[in-house]
Amino acid sequence: MGQAGLKKGNGLSSEPPGQHYDRSLLGYLCVPYEDAKDIVHKGYIASMEWDCRVPPPGHDYCHTSRKEVPYSKTRIEAVERMLAFKDKCKYAQLLEIHKTPDPREYHEDSDRIDDHQLTWSGIRLKEADKQVLHKKFIYDGGFFSRGHCGVPCPFCREQPFINPDPAVPDESLRRRVGVAVFACPAASPGLDELNIPFFLASPCSRERCLVEMQQRQMRLSQGNKRTVYHACGRATANEIQKCGGKFLRGSGGEGGGGIYFAHTPRECWWKAEDDGGYGKGMGAVRRWWAARDEHGWDQNGYAFLECEVMMGRELEASDALYDMTFKNLQHKEGGPYDSVVLDRGHTGYPVPAPPVVKETVDGGWHPRGTLLSTRIEDVNEGRAESTHPGYEFVVYSWDQVLIIRELPHEEIDPPPGW
């Protein structure tokens with residue numbers, strides 16, 4: 001691979017299939033945008049027959065000409081699957097299908113989608129379902145609501161142009177973070193050249209903005225993808241699980257208000273600041289670990305998450321970028337960019353394979369040529385002169401992150417002596 005943890009994409013489908021971090025999340029159902037609200041409120045109505053729309057008793061329409069509910073393991077696969085049958089669709093929304101109902105709303109409901117219902121073509125409905133997948137298994141994916149609109153489009157920096165067509169997303173889409181809407185090539189004539197669906201990062205329907213969002217999707221799909229790490233308190237990890245493995249970006253940091261990742265699990269020990277039961281801020285992980293001999297200490301108080309992040313085009317920086325945002329990345333000189341890589345040790349680029357052992361390239365923190373390592377063991381054994389704080393990897397949109405797994409306790413790699 002050249003650099004450990006780094007790989008190049010070679011096509012649109014960029015998410016590896018596999019187990020979702022939220023174990024109840026079965027997969028994704030992609031539907032035309034104008035059908036999504038109806039499905040969320042009424043359930044997904046399948047046909048009584050294959051290859052023709054025969055509504056089940058009690059319904060005057062159905063959402064498909066199939067007897068099963070189509071679903072896919074990844075977001076992009078779900079969109080591509082729908083477009084194979086509905087290539088004239090302009091906008092599509094992804095709905096999450098869960099194996100069990102949301103316990104917060106259906107706390108006494110023990111119903112579930114069983115493994116034997118899953119086929120190569122979809123979910124075979126039970127006889128009791130009467131050809132309707134109940135709405136309790138379907139979620140629009142939203143996990144955070146913002147109380148404001150009127151924010152300029154991050155691409156054109158103007159107020160979003162909102163098409164009155166109900167088949168086109170409006171500005172309210174920005175109020176509900178986590179809802180995944182994709183624009184399809186049929187949405188605008190200017191999208192024919194790349195001819196790929198793309199995540200709608202802004203509800204603005206100006207053609208130039210749609211083209212820029214499509215170009216962004218191509219950069220994410222074919223650009224750098226890194227396996228990196230994020231540590232957080234158990235309460236935060238539980239919230240991430242409940243919302244289908246999505247991250248909410250922070251309010252500040254060396255790279256602005258983004259979603260931050262470390263090169264290795266070891267570096268999370270001094271980078272993470274979330275509350276693990278012993279206060280938040282710098283040293284939060286160390287305080288949690290130092291209490292491990294105390295009564296009531298929870299070894300699962302901190303979660304170390306291994307993630308695949310679509311970095312796309314990376315902005316490399318050795319100085320803090322406190323004012324960096326998604327919008328600013330699009331208009332940064334030399335851009336547009338999709339992510340930031342911060343060189344916290346002043347050891348230069350390209351980013352070496354982890355664990356980093358590298359000489360400084362300037363006199364920012366140490367004299368030029370000082371050999372640094374992210375592992376104190378290298379310093380103790382004479383293989384490096386001082387410690388390296390590690391590179392930081394920052395993205396500004398939840399759609400760029402896929403959680404691969406939570407690390408088991410034996411892989412969290414605490415620094416010796418802590």
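In the predicted model, Gly 233 stands opposite Tyr 302 of strand β15. This pair belongs to the contact between β15, which covers residues 302-312, and strand β13; the two strands run antiparallel and are joined by 10 bridges. Strand β13 spans residues 224-233 and is mostly covered, with nine of its 10 residues classed as buried.

A further group of strands was examined towards higher residue numbers. Strands β18, β19 and β20 form an open sheet in that order, and their pairing is mixed. The edges of this sheet are β18 (357-359) and β20 (386-387), each of which pairs on one side only. Strand β19, made up of residues 371-373, runs parallel to β20, and two bridges join them. Within this pairing, Leu 372 has Ser 386 of β20 as its bridge partner.

Glu 254 offers a view of a loop position. The residue is located between α4 (234-242) and β14 (259-262). Glu 254 is described as partly exposed because its relative accessible area is 25%, and that class lies between the limits of 20% for buried and 50% for exposed. Beyond neighbours within four places in sequence, the contacts of Glu 254 are Tyr 260, Ala 320, Leu 321, Tyr 322, Leu 342 and Arg 344. Of these partners, Ala 320 is separated from Glu 254 by 66 residues in sequence, yet the C-alpha atoms of the two residues are 4.9 Å apart.

At the level of the whole protein, the secondary structure consists of eight helices and 22 strands. The radius of gyration is 23 Å, close to the 22 Å that the globule rule gives for 418 residues, and the protein is therefore as compact as a globular protein of that length. Along the principal axes, the C-alpha atoms fill a box of roughly 75 × 55 × 40 Å. Contacts between residues at least 6 apart in sequence were also considered, and 67% of them join residues at least 24 apart.

Burial and surface composition complete the description. Of the 418 residues, 52% count as buried. The accessible surface amounts to about 19500 Å², and carbon and sulfur atoms account for 49% of this area. The side chains include 52 that are positive and 61 that are negative, and the centres of these two sets lie 2 Å apart.

Technical notes
Residues are numbered from 1 along each chain as its sequence is written. This is a predicted model: local features need pLDDT of at least 70, side-chain atom pairs count only at pLDDT 80 or more; totals for chains, interfaces and linings use all residues. Side-chain values use heavy atoms; hydrogens and water are left out. Helices (H or I, at least four residues) and strands (E, at least two) are DSSP runs, numbered from the N terminus. The radius of gyration is taken over C-alpha atoms; the globule rule is 2.2 Å times the number of residues to the power 0.38. Buried means under 20% relative accessible area, exposed over 50%, partly exposed in between (1.4 Å probe, protein chains only). Contact means heavy atoms within 4.5 Å. Accessible areas come from the Shrake-Rupley method with a 1.4 Å probe; for residues, only the protein chains shown count as cover. Lys and Arg count as positive and Asp and Glu as negative; His and the chain ends are not counted. The place of a charge is taken as NZ of Lys, CZ of Arg, CG of Asp or CD of Glu. Two strands pair if DSSP finds at least two bridges between them.
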